[in-house]
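Visitor: I am new to this structure and should like a close look at a single part of it. Would you please take me through the sheet and what lies against it?

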Amino acid sequence: MLEAGLRAELIAWLAADPLLSSQLNAIVEETPLRTSLPWLAIAASASTDWSSKTHTGREVRIALELHCRGDAPRSGAALVAAIEQRIAALPAAQPEFRIVTTRFLRSRAEQRGEAVRAILVEYRFRLMAA
């Protein structure tokens with residue numbers, strides 16, 4: 001399944017980044033149960049067909065959510081910038097697929113009591129099976 005492969009490769013790619021791994025307590029596929037802030041997880045993903053006559057393809061949307069501490073509107077901004085830079089550098093050639101395009105779609109930030117900030121960033125990836 002292309003969506004599952006992309007999710008796994010994206011999490012591994014983000015976790016391999018020295019800056020992100022030194023600043024985040026977890027970079028995981030699902031919300032961690034007992035991890036202190038800050039952490040990053042996939043909040044949701046969905047895929048649709050993006051095949052051609054000769055190749056299987058998928059358009060996959062992935063929303064990542066960063067949870068961190070901070071009351072100020074800029075809380076987490078540097079981490080989000082680092083996450084976006086790392087995603088932009090994700091290699092197109094992957095073991096199970098090739099990333100044809102990567103596109104930032106939207107972001108959302110909200111304050112969640114006790115100085116916890118949640119920042120969601122959503123991307124669209126168009127993939128072709130290898």
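Guide: In this predicted model, helix H1 lies across E1, E2, E3, E4 and E5, and runs at about 40° to E3. Helix H3 lies across E2, E3, E4 and E5, at about 5° to E5.

The strands beneath these helices belong to an open sheet of 5 strands, in the order E1-E2-E3-E5-E4, with mixed pairing. Strand E1 (26-28) and E4 stand at the edges; each has a single partner strand, so one side of each is left without a neighbour in the sheet. On average, neighbouring strands of this sheet are turned by 15° against each other, direction ignored. As a general rule, strands of a sheet pair through backbone hydrogen bonds, either parallel or antiparallel.

Strand E5 deserves particular attention. This strand covers residues 116-129, and 12 of its 14 residues are buried, so E5 is largely enclosed by the rest of the structure. With strand E3 (residues 57-69), E5 pairs in the antiparallel sense over 13 bridges. Two positions may help the eye to follow this pairing: Ile62 has Tyr123 in E5 as its bridge partner, and Leu64 has Val121 in E5.

Strand E4 (residues 97-111) is also joined to E5 by 13 bridges, and these two strands run antiparallel. Gln111 stands opposite Arg117 in E5. E4 and E5 form a hairpin with 4 residues between them. In the turn, Gly113 has a positive phi of about 50°.

The next subject is the nonpolar core. The largest such core has 28 residues, and those with the most contacts inside it are Leu6, Leu14, Leu64, Leu66 and Phe125. At least two residues of this core are supplied by each of H1, strand E2 (39-49), E3, helix H3 (77-88), E4 and E5. In soluble globular proteins, nonpolar side chains tend to be buried together.

Leu66 may serve as an example. Leaving aside its neighbours within four places in sequence, Leu66 is in contact with ten-odd positions best read by name: Leu24, Trp39, Leu40, Gly76, Leu79, Val80, Ile83, Arg117, Ala118 and Ile119.Glu65 lies in strand E3. At 13% relative accessibility, Glu65 counts as buried, because the limit for that term is under 20% relative accessible area. Its side chain makes a polar contact of 3.3 Å with the side chain of Arg112. Leaving aside neighbours within four places in sequence, Glu65 is in contact with residues including Trp39, Leu40, Arg108, Arg112 and Ala118.

A charged residue of the helix completes the view. Arg7 has its place in helix H1 (residues 2-15) and is buried, with a relative accessible area of 14%. A polar contact of 2.5 Å joins the side chain of Arg7 to that of Glu29. Not counting residues up to four places away in sequence, Arg7 touches Glu29, Ile42, Ala44, Ser45 and Ile62. Of these, Ile42 is 35 residues from Arg7 along the chain, yet their C-alpha atoms are separated by 8.1 Å. Ile62 is also the residue whose bridge partner in E5 is Tyr123.

Definitions and conventions:
Residues are numbered from 1 along each chain as its sequence is written. This is a predicted model: local features need pLDDT of at least 70, side-chain atom pairs count only at pLDDT 80 or more; totals for chains, interfaces and linings use all residues. Side-chain values use heavy atoms; hydrogens and water are left out. Buried means under 20% relative accessible area, exposed over 50%, partly exposed in between (1.4 Å probe, protein chains only). Two strands pair if DSSP finds at least two bridges between them. Contact means heavy atoms within 4.5 Å. A polar contact is a pair of N or O atoms within 3.5 Å; within protein, one must be able to donate a hydrogen and the other to accept it, and residues adjacent in sequence count only if both atoms are side-chain atoms. A nonpolar core is a set of buried Ala, Val, Leu, Ile, Met, Phe, Trp, Tyr and Cys residues joined through side-chain atoms within 4.5 Å. Axes are lines fitted to C-alpha atoms, for helices over the stretch in contact, and angles run from 0 to 180 degrees between N-to-C directions.
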